[in-house]
Amino acid sequence: MGQLLTYLSSGKEAADIFLDFENAKPESKEEQDVHGLVAAVLDKGPEILRILTTYHGCEEFIRKAITSPSPDTEDAAWKAVLPAVEQLKVLYDFSQELEAVVPKLLAALCKSNPKNQLASQQALAKQLADVFDFVLRFDDAKMVNPSIQNDFSYYRRTLNRMKITRTDSAPVTIRDELANRMSLFFAYPTPMMNVINESTGKLLANDPTIPRENVTTALATMANVCCDMVEKKKFEKPDLNMFCLRAMTSSIILYDHLHAPGAFGKKSTINVKACITTLRGYTAVSTDGLLNALRFTTVHLNDPDTPAAIKHLLEGN
């Protein structure tokens, strides 16, 4: 599935590169090394999403423990929450793995001309899109499952109340420090996007060889490329189009956090009007979650210099 991809080179002029999403393979030793590190993490993604989307929570046990407190109901709730929290730890641990490899991926793609790097290291470009696709899938699933935060809040309250593990309870493996870190992670409406945003910020702060402009150029390129593919109906499969739309949306969000003027103003190198129009015009699968991600997880949408037409388009007016 090689497709001709369009990005904005300078101003609003378009340039083309060829990116093969299906067949791209790492070529150089350097690309192979980075690709292997990232693949080792991304390969766990489907199982992480399975755990998240099948997480049912302990609402009934917790409700009984709160409304009818007794040793029996409290023990039942605690024993139900313990394995649930272990599942949440798996999700949190994966976020830490992703946080560790994303800077390596961005560094490989952005250490020099990012457009050339995307074209010459196509396997890594595909992995960046894979990361963005996963991030929005994860955050979308987490956002619609309030049991995650409710269960973990109950766990922390009970842990604080217990002080010492009761002898008749299962052993506690998630203590205060780790519980605090996990709580901060799950407190964000979009925790994985926050991880990616923070890890990218740390990369730019700690590695002076990676110019911020290179990272934002790579993100703008990814957004414009994915928009172009969907807009021009390069693919027939809905899942492939949604893959592109998630990668596009994640790129816009991260760009908006990293680029001082934001993604929506005239200084943006993202054709954000076309991106929003493409999201709104795609009907094979609902894109409401992606539109909401642009509305609520970006930081510059409501800036004074954001054109009213862009705001109205995103609002559906």
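**Entry 1. Glu177 and Arg181**

I looked up helix H8 (residues 176-187) in this predicted model. Glu177 and Arg181 are four residues apart in H8, which means that about one helical turn separates them. I found that their side chains meet in a salt bridge, at 3.3 Å from N to O. I then checked the accessibility of both partners. Glu177 is exposed, at 61% relative accessibility, whereas Arg181 is partly exposed, at 37%.

**Entry 2. Asp133, Arg137 and Arg246**

I turned to helix H6 (residues 122-143), where Asp133 and Arg137 are also found four residues apart, and thus separated by about one helical turn. Asp133 forms a salt bridge with Arg137, and the closest N and O atoms are 3.0 Å apart. For Asp133 I noted a relative accessible area of 10%, and this residue is buried because the limit for that class is under 20%. Arg137 is partly exposed, with a relative accessible area of 36%. I also recorded that a network of salt bridges links Asp133, Arg137 and Arg246.

**Entry 3. Glu99 and Lys202**

Which parts of the chain does the pair of Lys202 and Glu99 link? I first confirmed the salt bridge between the two side chains, at 3.4 Å from N to O. Lys202 belongs to helix H9 (residues 191-206) and Glu99 to helix H4 (residues 71-110), so I noted a link between distant parts of the chain, 103 residues apart. The side chains of Glu99 and Lys202 are also joined by a polar contact of 3.4 Å.

Is Glu99 buried or exposed? I found Glu99 buried, with a relative accessible area of 18%. Lys202, at 46% relative accessibility, counts as partly exposed. Leaving aside residues up to four places away in sequence, I listed the residues that Glu99 touches as Val195, Ser199 and Lys202.

I closed the entry with the count for the structure, which comes to 12 salt bridges. Side chains of opposite charge can pair when their charged atoms come close.

**Entry 4. Aromatic pairs**

How many aromatic pairs does the structure hold? I recorded eight aromatic pairs. A pair of aromatic rings is described by the distance of the centres and the angle of the planes. I wrote down both values for two of the pairs.

For Tyr92 and Phe185, the ring centres are 5.8 Å apart and the planes stand at 70 degrees, so I entered the pair as edge-to-face. Tyr92 lies in helix H4 and Phe185 in helix H8, and the pair therefore ties together parts that are 93 residues apart in sequence. I found Tyr92 and Phe185 buried.

For Phe152 and Phe186, the ring centres are 6.3 Å apart and the planes stand at 50 degrees, so I entered the pair as tilted. Phe152 lies in helix H7 (residues 147-162) and Phe186 in helix H8, and the pair therefore ties together parts that are 34 residues apart in sequence. Phe152 and Phe186 are both buried.

I then followed the ring pairs onward. They link Trp78, Tyr92, Phe94, Phe134, Phe138, Phe152, Tyr155, Phe185 and Phe186 into a cluster.

**Entry 5. Cysteines**

How many disulfides are there? I counted zero disulfides. Cys110 is in no disulfide, and I noted that the nearest cysteine sulfur, that of Cys226, is 15 Å away. A disulfide requires two cysteine sulfur atoms within 2.5 Å. I also looked up accessibility: Cys110 is buried, at 0% relative accessibility, and Cys58 is buried, at 5%.

**Entry 6. Helix H14**

Which residues of helix H14 (residues 308-315) are buried? I listed Ile310, Lys311 and Leu314. These residues cover an arc of only 100 degrees around the axis, so they are on the same side of H14. I next asked what covers the buried residues of H14. I found that the cover includes helix H12 (272-281) and helix H13 (288-296). Just after H14, I noted a positive phi of about 90 degrees at Gly316.

Notes:
Residues are numbered from 1 along each chain as its sequence is written. This is a predicted model: local features need pLDDT of at least 70, side-chain atom pairs count only at pLDDT 80 or more; totals for chains, interfaces and linings use all residues. Side-chain values use heavy atoms; hydrogens and water are left out. Buried means under 20% relative accessible area, exposed over 50%, partly exposed in between (1.4 Å probe, protein chains only). Helices (H or I, at least four residues) and strands (E, at least two) are DSSP runs, numbered from the N terminus. The arc is that of the directions from the helix axis to the C-beta atoms. Contact means heavy atoms within 4.5 Å. A salt bridge is a side-chain nitrogen of Lys or Arg within 4 Å of a carboxyl oxygen of Asp or Glu. A polar contact is a pair of N or O atoms within 3.5 Å; within protein, one must be able to donate a hydrogen and the other to accept it, and residues adjacent in sequence count only if both atoms are side-chain atoms. Rings of Phe, Tyr and Trp (its six-membered ring) pair if their centres lie within 6.5 Å; planes under 30 degrees apart count as stacked, over 60 as edge-to-face and the rest as tilted.
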